[in-house]
Amino acid sequence: MRRSRYLVVLVVLLLTAAACGDDEPTSSSATTAKEASGPTLKIASPADKATVKGNVVNLDLETTDFEVVKADGDASGKTGHFHVFVDKQPVAGGAAIPKEPGIIHSTDDPVAVTGLHPGEHKLVVVLGDGTHTRIGTVQDEITVTVEGPSVDATAPATIAAGAPLSIDVAVEGVTLVKADGDTTGKSGHLHALVDRNPSQYMGQPIPAGDAAITHTAASPIVLTGLTPGEHTIWIVLGNGSHVPFDPPVLDKLTVTVG
């Protein structure tokens with residue numbers, strides 16, 4: 001009898017302990033999963049620590065629960081675009097993402113990071129909404145080594161209507177000369193393409209005679225006659241036959257006139 005009574009008491013105690021266990025707080029892993037709900041972001045390629053020839057890194061990006069669109073004012077956090085911070089720390093979640101050198105705003109996938117000089121670079125990708133505000137803290141990052149050669153272009157973000165645009169171009173790894181037929185990759189010259197996508201000229205000569213394309217072996221490059229509005233200007237390094245370098249050597253500017 002006494003032994004049976006002890007067994008009953010033991011069973012009751014065990015059942016009480018199990019019931020109390022059901023009232024314990026949610027596990028940390030469950031809490032993390034809940035906090036991590038929302039858009040995700042991943043750099044699919046290149047791999048971290050990759051080495052890239054030329055000076056362009058194409059970031060192949062993957063997202064979930066997020067629609068990539070141009071900045072349209074939507075602040076719901078469900079739509080927006082990519083922002084790449086080049087060799088700088090990203091802004092905090094909920095902060096405005098400025099438009100300035102070293103920060104790329106893009107709806108492209110892959111996102112082309114241009115104008116990189118030879119050496120190691122840290123690239124951090126975050127999401128921003130239609131007001132250029134960072135969405136949460138989701139991000140991914142890689143470090144890449146650029147072999148070169150390279151071009152790095154700088155110019156004012158805005159100019160007055162009718163004013164000339166002066167673009168300074170720093171070149172590394174190549175001697176700038178007038179087109180002389182040299183295709184060894186040791187020399188070349190610059191091309192400024194106004195509102196022309198350089199991808200259409202890859203593997204073939206960049207044409208002469210187009211008012212939107214300037215061929216030159218000198219820096220700065222001075223452009224005149226830009227119409228009011230926003231313009232995308234590509235600086236493309238080409239060989240002595242006017243063919244863009246492969247892998248490409250590029251930089252990209254956005255300038256507003258007026």
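Which residue forms a salt bridge with Lys122, and how many Å apart are the closest N and O atoms? Select Lys122 together with Glu141 in this predicted model, and the answer comes into view: the two form a salt bridge in which the closest N and O atoms are 3.6 Å apart. The pair links distant parts of the chain, since Lys122 belongs to strand β8 (residues 119-128) while Glu141 belongs to strand β9, 19 residues apart. Colour by accessibility if your viewer allows it, and Lys122 counts as partly exposed at 31% relative accessibility, as does Glu141, with a relative accessible area of 35%.

Now step along strand β9 (residues 134-146) and select Ile142. Is Ile142 buried or exposed? With a relative accessible area of 5%, Ile142 is buried, because that value falls under the 20% cut-off. Display the surroundings of Ile142 and, leaving aside residues up to four places away in sequence, you will find that it touches Ile43, Pro46, Asp48, Leu59, His121, Lys122 and Leu123. Lys122, the salt-bridge partner of Glu141, is therefore also one of the residues that the buried Ile142 touches. For a distance to check in the viewer, pick the C-alpha atoms of Ile142 and Val125, which are separated by 9.0 Å although the two residues are 17 apart along the chain.

A search of the whole structure finds three salt bridges, and the tour continues with another of them. Select Glu100 and Lys88, whose side chains meet in a salt bridge at 3.1 Å, N to O. Both Glu100 and Lys88 lie in the loop between β5 (79-86) and β6 (103-106), so the pair ties together parts that are 12 residues apart in sequence. Glu100 counts as partly exposed at 37% relative accessibility, and Lys88 also counts as partly exposed, at 27%.

For the last stop, select Asp210 and Arg196, and look for the salt bridge in which their side chains meet, at 3.3 Å from N to O. This pair, too, links distant parts of the chain, with Asp210 and Arg196 both in the loop between β14 (187-194) and β15 (213-216), 14 residues apart. How accessible is Asp210? At 22% relative accessibility, Asp210 counts as partly exposed, and its partner Arg196 is likewise partly exposed, with a relative accessible area of 29%.

Conventions: Residues are numbered from 1 along each chain as its sequence is written. This is a predicted model: local features need pLDDT of at least 70, side-chain atom pairs count only at pLDDT 80 or more; totals for chains, interfaces and linings use all residues. Side-chain values use heavy atoms; hydrogens and water are left out. Helices (H or I, at least four residues) and strands (E, at least two) are DSSP runs, numbered from the N terminus. Buried means under 20% relative accessible area, exposed over 50%, partly exposed in between (1.4 Å probe, protein chains only). Contact means heavy atoms within 4.5 Å. A salt bridge is a side-chain nitrogen of Lys or Arg within 4 Å of a carboxyl oxygen of Asp or Glu.
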